[in-house]
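Please open the structure in your viewer and keep the sequence at hand. The tour below proceeds by selection, one stop at a time.

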Amino acid sequence: MKLKYPEHPAPADATAKKAVRPVICYPIEGLQQPDLSTYRAARVGWRKAGEVLVPPREARCFEVAAGHFFRIVSVDGPQVGDLNLWSNGNHAERFFSGKTRALHGTHVSTGDRLWSNLPYLRPISTITEDTLDWYGFDEFGASVHDVIGTRCDPYTHRLLSGDDYHHCCHSNLTRAFAVHTGRSQREAEPFIHDVLNVFMCTGFTRDTGQYFMKATPVRPGDFIEFFAEIDLLGALSACPGGDCGAEHSSDIATCHPLLVEIYAPSAAPVGWISPQVNGYRGIQTGLQP
Ligand SMILES: [Zn+2]
């Protein structure tokens, strides 16, 4: 946060410096844009290939084959979910929330891609429908489905409160990933990464730039739908914050389950090819340090 009372005086040209117009750091016009019409055409005649119900304050894993879809569906009541994704064949490749944010903004919706970490950096999933797209940004600058929050975790909770809480999303995701992959929890923990905050309504305060949350507008029946660009392993935690309208990292909030539905289309989207990992090879072959 910035000092309320700066220690250094503003220079004479401070107003002009502040008036410089911003430029987008990562213009994405050059990126190949997903053709939503072909993705959506592939949904015609699809069949439901499976579903996983994520209990409140717990997490569960699910697998989605490349070319298939999955939905995260609100059931019973307003609930936020913390999503991790890995390449199912290589768990070292995983969702990169920071670069996804740099490319698509603080909150994602239909047509945005979820990107993987370096050195892979490829779209691992494409958002093909979002029933909360009507929300846009509100008067507080908040929106839904953020890639700015990291995930609630017991270490930050202990730092701020001195208490121990064992059902933070980080812990839930660790346990689910460990069970699914046969790793110990100690081995599993480093694989847990910054999340997509599904349905969560968040922003930054205008005066201090602090991360804030407010009750999610999600209602039963709402969903966000993804297309798996590669074979995916997912883990979803039904956050102990429930609708995240008051607090998280406790047993106080009312929590609900979340449903993951997996759909297999009868044929892949026309012209679709599963993306290759990023083509840059300079570090391995080129410059010496
Ligand atoms: Zn959480």
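The stops that follow cover a sheet, its enclosed strand, a core, a helix and some backbone details. The model is a predicted one.

**The open sheet**

Begin by displaying the strands as a cartoon. Six of them, in the order β1-β13-β3-β11-β7-β6, make up an open sheet with antiparallel pairing. At its edges are β1 (47-54) and β6, each of which pairs on one side only. Neighbouring strands in this sheet are turned against each other by 25° on average, direction ignored.

**Strand β11 and its two partners**

Next, select residues 223-228, which constitute strand β11. Of its 6 residues, 6 are buried, so the strand is largely enclosed by the rest of the structure. Show the side chains to examine the two faces: F223, E225 and F227 are buried on one side, and I224, F226 and A228 are buried on the other.

Add residues 69-74 to the selection; this is strand β3, which runs antiparallel to β11 and is joined to it by 5 bridges. One place to look is F69, whose bridge partner in β11 is F227.

Then select residues 123-130 for strand β7, also antiparallel to β11 and joined to it by 5 bridges. Two pairs can be picked out here: E129 has E225 as its bridge partner in β11, and S125 has A228.

**A cis peptide bond in the loop between β6 and β7**

Which peptide bond should be inspected for a cis geometry? Select L118 and P119: the bond from the former to the latter is cis, with omega near 5°. P119 belongs to the loop between β6 and β7.

**The largest nonpolar core**

Now turn to the largest nonpolar core, which has 60 residues. Select I72, L196, V198, M200 and L236, the residues with the most contacts inside this core. In soluble globular proteins, nonpolar side chains tend to be buried together.

Centre the view on V198. Which residues does V198 contact, leaving aside its neighbours within four places in sequence? They are I72, V80, G81, L83, H145 and I224. I224 was met earlier, among the buried residues of β11.

**H145, a contact of V198**

From V198, move to H145, which lies in strand β8 (residues 143-146). Its phi is positive, about 65°, although H145 is not a glycine. Is H145 buried or exposed? With 27 C-beta neighbours inside 10 Å, H145 counts as buried; the threshold is 20 or more.

**C244, in the loop between β12 and β13**

Select C244 next, located in the loop between β12 (232-238) and β13 (258-264). C244 is not a glycine, yet its phi is positive, at about 55°. This residue has 24 C-beta neighbours inside 10 Å and therefore counts as buried.

**Helix α3**

For the final stop, select residues 97-104, helix α3, in which S97, T100 and H104 are the buried residues. Rotate the view to look down the axis of α3: these buried residues fall within an arc of 60°, so they line one face of the helix. To see what covers them, add β6 (113-115) and β9 (196-204), which are included in that cover. Finally, step just past the end of α3 to G105, where phi is positive, at about 100°.

Methods:
Residues are numbered from 1 along each chain as its sequence is written. This is a predicted model: local features need pLDDT of at least 70, side-chain atom pairs count only at pLDDT 80 or more; totals for chains, interfaces and linings use all residues. A nonpolar core is a set of buried Ala, Val, Leu, Ile, Met, Phe, Trp, Tyr and Cys residues joined through C-beta atoms within 7 Å. A residue is buried if 20 or more other C-beta atoms lie within 10 Å of its own, exposed if 12 or fewer, and partly exposed in between; C-beta atoms are placed from the backbone. Two residues are in contact if their C-beta atoms, placed from the backbone, lie within 7 Å. Helices (H or I, at least four residues) and strands (E, at least two) are DSSP runs, numbered from the N terminus. The arc is that of the directions from the helix axis to the C-beta atoms. Two strands pair if DSSP finds at least two bridges between them. Axes are lines fitted to C-alpha atoms, for helices over the stretch in contact, and angles run from 0 to 180 degrees between N-to-C directions.
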